[in-house]
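Please work through the exercises below with the sequence and the coordinates open beside you, and try each task before reading its solution.

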Amino acid sequence: MGNPKAFLTIPRKEAGYRPISDRLHDFSEVEQTLNSKDRMEQASRCMDCGVPFCHWACPLGNKCPEWNDALYHGNWELAYRLLTSTNPFPEFTGRVCPALCEKSCVLYLTDHAPTTNRENEAAIMERAWLESYIQPEPPAHRIGRRVAIIGAGPAGLSAAWYLNKAGVDVTVFDKAEAAGGLLRYGIPNFKLNKKVIDRRIALMEAEGIHFVYKADIDVASLAAGADKPLPDSLQGFDAYVVATGTPQARDLDIPGRDLHGIYLALDMLSQQNRILAGMQFPKEELVNAKGKRVLVIGGGDTGSDCIGTAHRQGCKGVVQIEIMPQPPEGDNPSTPWPAWPVVMKTTTSHEEGCERRWLLNSTQFLGKNGKVVGVEVEEVSWQPDEATGRMKMIPSGKKEVIDCDMVLLALGFLRPQQPQFGPNVYVAGDAAAGASLVVRAIESGRAVARKIIGSFNK
């Protein structure tokens, strides 16, 4: 540890974001970067704690103190080697991870100023690509086993990466026209430039992983005792990984749902990303907020992504409503360490302009000439249910109408119900556990790969 007192003299410094007046006119990444000197100084703030809670909090077990120390000393290649010893795709998590490690950093717990692990991670990977530390490294030999992976999201890509490194012949099937899953079709380009995904996929292909796109495979054919035979494309594999994510979004079944102008969040997000990739859609199929008053129902990250996308499409304004209470600023006594701190979060999309409201339940969509013109909402409160101990929603009877021309439903995803698979079929990521974080999907893919390799070695 080069400077054990750096955290006392060097304040946390974030890279910050492009000015709002600039970034609203494009879909380029909004986050900026620090120069190398400042980035190394930020790495020096890591205290190499006796008990590094960041290791424990990160699903991948990232060795933050080790690679922060290498970065502080200017050894970028060593930092890259240490970082990728636990995380195959730091360029993804360095952009979109909520940084569980930072929320468990001792500097966060004492001063709300953790080491900038996420930004450091992204910076290390960009230097690694720039300096060509990253080169194709195909396995020295193949072990004569073949694995099919269905789904090219973060879980499927992670499983493919580790299986290929072990000498397994891997083929990844995906129903979309390119790899990435929600990384490509759910997360806006202003958070994750898709060229970042493209270069990783090119590297994986150079290392011998095969990708097959526009392959809409029914995983029910992999179920034990399935009625339908395996499609020809899936014949001859020794094991299968189901990494199809959570394809079904949670809907809002209230009166007026059939009105035009009401969309699931991914209807907008995935289409916009495809348009940026060069695809074209008929005018009647466009999900575009230009000139519209937009209402986003749902207060999570997906709702925030809808806000940023609506602004870039030229909306008149955005209102975001949430059924839960507004969380407190800074600290929340209800979620003490080591729980995830449920506190007020203001994203770059919120900063671009948005009215935010809480404790509102949507009761019906209102329309005119078949188009949505407003949503009736009711104020609610939450109280403990004596019978179950869980919180129960209490309607107040106080209703109002929020005028809007477009409604985006960002209510999360339903956990998929998988059939009973045979012994050589493994389920990874959101397909197994329901919607979660990219970093957890990557870990799940790694865990499944290790199970498969272990089964081959028996």
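The exercises that follow concern a predicted model, and they go from the whole chain to its cores and then to single residues.

**Exercise 1. Overall dimensions**

Task: Compare the radius of gyration of the protein chain with the value for a compact globule, and describe the extent of the C-alpha trace.

Solution: Begin with the chain length of 458 residues, for which a compact globule would have a radius of gyration near 23 Å. The protein chain has 23 Å, so it agrees with that rule. Next, take the principal axes, along which the C-alpha trace spans about 65 × 65 × 50 Å. The secondary structure of the chain amounts to 18 helices and 13 strands. Finally, consider the contacts with a separation of 6 or more, of which 69% are accounted for by residues 24 or more positions apart.

**Exercise 2. Surface and charge**

Task: State what share of the residues is buried, what share of the accessible surface belongs to carbon and sulfur atoms, and how far apart the mean positions of the charges lie.

Solution: Buried residues make up 49% of the 458 residues. The accessible surface comes to about 21,500 Å², and 51% of this area belongs to carbon and sulfur atoms. For the charges, average the positions of the 51 positive and the 54 negative ones separately; the two means are 1 Å apart.

**Exercise 3. The nonpolar cores**

Task: Identify the residues with the most contacts inside the largest nonpolar core, and find which helix gives the largest share of this core.

Solution: In soluble globular proteins, nonpolar side chains tend to be buried together. Here the largest nonpolar core has 61 residues, and those with the most contacts inside it are Val 147, Ile 149, Met 204, Val 241 and Ile 452. Its largest share, 8 residues, comes from helix 18, which covers residues 438-456. Another core, of 20 residues, lies apart from it and includes Leu 264, Ile 321, Val 377 and Val 407. To look at one residue of the 61-residue core, take Val 147 and set aside residues up to four places away in sequence: among its contacts are then Leu 163, Phe 237, Val 241, Ile 452 and Phe 456.

**Exercise 4. Backbone geometry in loops**

Task: Locate the cis peptide bond from Trp 337 to Pro 338, and place the positive phi values of Asp 48 and Ser 132 in their loops.

Solution: The bond from Trp 337 to Pro 338 has omega near 10° and is cis, and Pro 338 belongs to the loop between strand 7 (317-322) and helix 16 (348-351). Asp 48, although not a glycine, has a positive phi of about 50°; it sits in the loop between helix 3 (36-44) and helix 4 (53-57). Ser 132 has phi near 60° and lies in the loop between helix 10 (117-130) and strand 1 (146-150). With relative accessible areas of 44% for Asp 48 and 41% for Ser 132, each falls between the limits of 20% and 50%, and therefore counts as partly exposed.

**Exercise 5. Two residues and their surroundings**

Task: Is Ile 394 buried, partly exposed or exposed, and which residues does Ala 123 touch beyond its sequence neighbours?

Solution: Ile 394, in strand 11 (residues 391-403), has 26% relative accessibility and so counts as partly exposed. Leaving aside neighbours within four places in sequence, Ile 394 is in contact with Glu 379, Val 380, Ser 381 and Gln 383. Ala 123 is found in helix 10, and, not counting residues up to four places away, it touches Arg 39 and Trp 76. Its C-alpha is 7.6 Å from that of Thr 33, although the two are 90 residues apart in sequence.

Definitions and conventions:
Residues numbered from 1 in each chain as written. Predicted model: local features only at pLDDT ≥ 70, side-chain atom pairs only at ≥ 80, totals over all residues. Heavy atoms only, no water. Core = buried A, V, L, I, M, F, W, Y, C linked by side-chain atoms within 4.5 Å. Buried < 20%, exposed > 50% of the residue type's maximum accessible area, 1.4 Å probe, protein only. Helix = DSSP H or I, 4+ residues; strand = E, 2+ residues; numbered from the N terminus. Contact = heavy atoms within 4.5 Å. Rg over C-alpha atoms; globule rule 2.2 N^0.38 Å. Areas by Shrake-Rupley, 256 points an atom, 1.4 Å probe, with all protein chains shown as cover. Lys, Arg positive; Asp, Glu negative; His and termini not counted. Charge placed at Lys NZ, Arg CZ, Asp CG, Glu CD.
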